[in-house]
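Colleague: I would like a close look at one strand of this protein and what surrounds it. Please take me through it piece by piece.

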Amino acid sequence: MSTVLVTISMIFVSLQFPGLGDDAIPPYLKAPKVVPQLSRSDGEKLRSLAVLIDQQSVFLSLVDLDEIEFLESPWAIVTLTDLLKKDVHRWLALKILRALDRRSAADLIQFGGERLHRRLLQFKNDPHRAIVQRAYSIRTRIEKQLAAAGAPDSGFPPSLRLPSDLASSGKTSVVTGNKGRGGDTAAALAIEKLGKGIDLVCAIDATGSMHPYLPNCIESVTKLQQILAPLLGEVRWGCVVYRDRVEGVSPLSNNWNRLKYSLEMLQAKGGQAPNERVDLALAAAFSSRMGWSRDRVGAVIFFADAAPLQVHSRALGRATSRLFRKWPHLRVHAVCFGHATGVGPTAEFWRMLTEACGGRCLEHQPTTRMDLQLLRPILISFFPEQERQQIDRIVSVIAAVER
């Protein structure tokens with residue numbers, strides 16, 4: 001009986017693609033292909049993903065997609081196709097396209113089918129070049145495979161859906177770490193904290209020597225806000241402005257427009273002697289007045305081109321230890337300009353300070369977007385070492401779209 005069915009199937013294919021010899025017909029069109037089995041755990045992951053992405057920040061969605069991307073079962077293509085909706089966020093779109101690009105053309109046709117091909121076409125005029133190129137590459141591979149069969153318009157098999165007997169247990173196992181999002185791994189806990197939002201304080205050296213760099217600093221903070229807001233759900237910003245003393249403090253707030261206005265009004269002036277009071281700015285940034293929350297991760301980002309006098313920097317070691325006993329979940333990063341770059345005592349001061357505070361010291365590169373430079377250390381400083389590869393993949397997706 002099965003032989004008869006296969007023969008009928010072959011006759012149907014020969015009628016559908018006249019003139020093709022048996023050798024010319026691609027193997028995936030010769031006979032019904034055995035659909036690979038899907039385990040219950042993988043079924044739960046795939047079923048839960050669409051619901052999760054609708055309910056959580058883009059960051060957590062990217063983490064979930066990271067696990068789906070490496071599922072060996074081609075059933076993942078069905079879920080990824082369903083996620084490739086017209087209103088999908090641009091970073092998620094590229095992440096999904098990268099995951100699909102790893103699959104064979106035969107699997108893309110069988111598991112994605114005509115639905116996937118239509119959804120790839122929607123990115124034809126997308127404003128982001130990385131998305132257009134990736135969608136075009138996948139679409140071209142599908143069309144070439146179908147063209148080999150002689151009928152690119154009607155060669156798609158019926159659409160596949162996830163098996164209905166794989167009901168979700170109600171608790172997703174998607175997300176990094178063997179214990180999933182509900183587990184108690186260091187990565188799971190860090191992801192949960194980042195999902196609640198982040199607190200950032202920019203500490204800006206406003207002396208006259210910062211005049212060439214200040215507009216770039218303000219623009220970078222603005223772009224960083226535009227990336228972090230959809231990525232993490234909520235970002236509270238604060239600010240400390242300092243010269244040879246602390247000139248102003250803006251406590252943490254989710255009113256971004258008010259902070260942006262204050263930054264745009266800022267002028268670099270004064271401070272003739274190189275005695276920028278980083279120590280006072282750091283104390284102000286870590287003070288209770290700033291309004292830090294112990295339930296949210298946070299960081300202070302310095303934008304500076306100079307260091308305090310040695311007499312003031314000596315006390316920073318003890319002060320930093322005291323501050324970190326009170327706020328162990330905070331980090332300090334720095335973007336350095338002018339004399340604070342390269343080699344020398346000023347550059348060494350910033351490297352030592354950020355290292356002691358669990359952060360990174362970045363040198364301003366005119367050819368590189370500062371906000372993208374900052375994104376990686378901000379995210380990575382809250383994760384255990386083994387999760388850095390995953391964060392790098394997320395940052396690479398964002399950088400590819402935003403370039």
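Modeller: Start with one pair of residues: S253 in β3 is the bridge partner of W237. Keep in mind that this is a predicted model. The strand to look at is β2, residues 235–242.

First, the sheet around β2. The sheet is open and has six strands, in the order β3-β2-β1-β4-β5-β6, with mixed pairing. β3 and β6 (361–363) stand at the edges with a single partner strand each, so one side of each has no neighbour in the sheet. Direction ignored, neighbouring strands here are turned by 15° against each other on average. Helix α11, residues 256–264, packs on this sheet. α11 touches β1, β2 and β3, and its direction makes about 25° with that of β2.

Now the burial of β2. Eight of its eight residues are buried, so the rest of the structure largely encloses the strand. In a regular strand, side chains alternate between the two faces of the sheet. Both faces of β2 are covered. On one side, V235, W237, C239 and V241 are buried. On the other side, R236, G238, V240 and Y242 are buried too.

Next, the two neighbours of β2. Strands of a sheet pair through backbone hydrogen bonds, either parallel or antiparallel. Take β1, residues 198–205: β1 and β2 pair in the parallel sense over eight bridges. I198 stands opposite V235 in β2. Further along, A203 stands opposite V240 in β2. Between the two strands, the chain crosses from β1 through helix α10 (residues 214–232) to β2, and this β-α-β crossover is right-handed.

β1 is mostly covered as well, with eight of its eight residues buried. Both of its faces are covered. I198, L200, C202 and I204 are buried on one side, and D199, V201, A203 and D205 on the other. β1 also pairs with strand β4, residues 297–304. That pairing is parallel and runs over seven bridges. A203 appears here again, opposite F302 in β4. A203 thus has V240 in β2 and F302 in β4 opposite it.

On the β3 side, the sense changes. β2 and β3 (residues 246–253) pair in the antiparallel sense over five bridges. The two strands form a hairpin with three residues between them. Y242 has V246 in β3 as its bridge partner. W237 has S253 as its bridge partner in β3.

S253 deserves its own look. S253 lies in β3, an edge strand of the sheet. Its relative accessibility is 16%, and buried means under 20%, so S253 counts as buried. Leaving out residues up to four places away in sequence, S253 touches V235, R236, W237 and R258. V235, R236 and W237 are themselves buried residues of β2. S253 and G291 are 38 residues apart in sequence, yet their C-alpha atoms are 8.5 Å apart in space.

Go back to α10, the helix on the path from β1 to β2. α10 packs against helix α16, residues 370–380, at an angle of about 50°. Their axes are 8 Å apart. The two helices are therefore oblique to each other. Their crossing is right-handed. From α10, the residues in this contact are N216, S220, K223, L224, I227, L228, L231 and L232. From α16, they are M370, D371, L372, L374, L375, I378 and L379.

Last, the whole protein. The model has 17 helices and six strands. Of its 403 residues, 53% count as buried. Among contacts between residues at least 6 apart in sequence, 78% join residues at least 24 apart.

To sum up β2: the strand is buried on both faces. β2 pairs in the parallel sense with β1 and in the antiparallel sense with β3. α11 packs on the sheet and touches β2.

How values were computed: Residues are numbered from 1 along each chain as its sequence is written. This is a predicted model: local features need pLDDT of at least 70, side-chain atom pairs count only at pLDDT 80 or more; totals for chains, interfaces and linings use all residues. Side-chain values use heavy atoms; hydrogens and water are left out. Buried means under 20% relative accessible area, exposed over 50%, partly exposed in between (1.4 Å probe, protein chains only). Helices (H or I, at least four residues) and strands (E, at least two) are DSSP runs, numbered from the N terminus. Two strands pair if DSSP finds at least two bridges between them. A crossover is right-handed if, with the strands pointing away from the viewer, the path from the first strand over the helix to the second runs clockwise. Axes are lines fitted to C-alpha atoms, for helices over the stretch in contact, and angles run from 0 to 180 degrees between N-to-C directions. Angles under 35 degrees count as roughly parallel, over 145 as roughly antiparallel, 65 to 115 as roughly perpendicular and the rest as oblique. A crossing is left-handed if the near helix is turned anticlockwise from the far one by less than a right angle, and right-handed if clockwise. Contact means heavy atoms within 4.5 Å.
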